[in-house]
Amino acid sequence: MHVVNLSPASRHPHTSREVDDIPDVIKKISLQDAFRDPSSPFHLPPGTQGPASPDPPAEFLHTEAQETRAEHARTKMLELGYDPSSFWEQRIVWGDHDAFQHVNNVRYVRFLESSRIEWMVSLGKEIGGASRADDMLAGRGISLILKTISIDYKRPVVYPDMLLIAHKPHPGPLVSTSDVHKTEFGQRRFPKTHFHLMGAIYSYAQRRIVTECDEVLVWYDYEKLAKCDPGEEATVALQRRMFLTQEPSAYE
């Protein structure tokens, strides 16, 4: 039997209160007893190790059903016009939960960021190769910064799950009332210094989109510390992606 000494000798020499870590000591002893007890679900036989983490086993992520769900998710996102260069798979872990037993809302901002960065790297490579993409990531020369993000939480996500996050660029609201009468998307006037990205998060477990967002990205000159016109090459590359990823009904 383990005995914890609560005599005055266990008190801090300069205070009258008991040592703060005594409850932790008791918990540690109890947990060690559980490891040693063969009848305990926490029993670890001598010479063995426990699991590396509370995450699900690897086969959860690589079953045939899981691969089918992944393919369905990608197909759905492509049908909705999302740019495949932005596709980002995010595995949900227990630590993503909050006190309400679902994935905390703040986590989604990080998930969307990962997809957005994937898309930005792809755009940088299209504009000027790998070196341009590296410069954009490092904040050298002209790059992109997030100005605003608006998130629509449609359904809660719980562990375990895998998410597919994707983005597609769009020009945002009409820049003038005269644009309402323009039937061809190519005739629209685009703001030179910023544009919008629409994002979506698809749940493999629920087989549907669980979150959507709209973001405003600004072209930013890190040498001048000001927003800027990125130049013809970047503008053309961006508009090309808008034409490829926009659904026809969005600009008819």
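Two residues are in contact when heavy atoms of theirs lie within 4.5 Å. Keep that in mind for the exercises below, which use a predicted model.

**Exercise 1. Describe the surroundings of Leu78: which helix holds it, which residues does it touch, and is it buried or exposed?**

Step 1. Start with the secondary structure: Leu78 belongs to helix H2, which covers residues 64-79.

Step 2. Now look for contacts, leaving out residues up to four places away in sequence; Leu78 then touches Pro84 and Phe87.

Step 3. Check the accessibility. The relative accessible area of Leu78 is 47%. Buried means under 20% and exposed means over 50%, so Leu78 counts as partly exposed.

Step 4. Finally, look further along the chain: Ala166 is 88 residues away from Leu78 in sequence, yet their C-alpha atoms are separated by 9.4 Å.

**Exercise 2. Follow helix H3 from end to end: where does it bend, and what caps its N-terminal end?**

Step 1. Begin at the N-terminal end, where Asn104 acts as the cap: one of its side-chain oxygens lies 2.9 Å from the backbone nitrogen of Val106.

Step 2. Compare length with span. H3 runs over residues 105-138, 34 residues in total, and a straight helix at 1.5 Å a residue would reach 50 Å, but the end C-alpha atoms of H3 are only 28 Å apart.

Step 3. Find the bend: at Gly128, H3 turns by about 135 degrees.

Step 4. Move past the helix to Gly139, which follows H3 and has a positive phi, near 70 degrees.

**Exercise 3. Inspect the backbone in three loops: which peptide bond is cis, and what is phi at Gln101 and at Arg207?**

Step 1. Go to the loop between strand S2 (142-153) and strand S3 (161-170), where Pro160 sits. The peptide bond from Tyr159 to Pro160 is cis, with omega near -5 degrees.

Step 2. Turn to Gln101, in the loop between strand S1 (83-92) and H3. Its phi is positive, near 65 degrees, although Gln101 is not a glycine. Gln101 is also partly exposed, at a relative accessible area of 45%.

Step 3. Arg207, in the loop between S4 and strand S5 (208-221), is not a glycine either, and its phi is positive at about 55 degrees.

**Exercise 4. Examine the largest pocket: what is its volume, and which helix gives the most to its lining?**

Step 1. The volume of the largest pocket is about 220 Å³.

Step 2. Of its 15 lining residues, those closest to the centre are Phe190, Pro191, Lys192, Thr235 and Gln239.

Step 3. Strand S4 (194-203) and helix H4 (232-245) each supply at least two lining residues, and H4 gives the most, with five.

Definitions and conventions. Residues numbered from 1 in each chain as written. Predicted model: local features only at pLDDT ≥ 70, side-chain atom pairs only at ≥ 80, totals over all residues. Heavy atoms only, no water. Helix = DSSP H or I, 4+ residues; strand = E, 2+ residues; numbered from the N terminus. Buried < 20%, exposed > 50% of the residue type's maximum accessible area, 1.4 Å probe, protein only. Expected span 1.5 Å × (residues − 1). Polar contact = N/O pair within 3.5 Å; in protein donor to acceptor, adjacent residues only side chain to side chain. 1 Å grid on protein atoms, 1.4 Å probe; cavity = no way out; pocket = protein on both sides within 12 Å on 5 of 7 lines; lining within 4 Å. Points joined across faces, edges and corners; volume = space filled by probe spheres on them.
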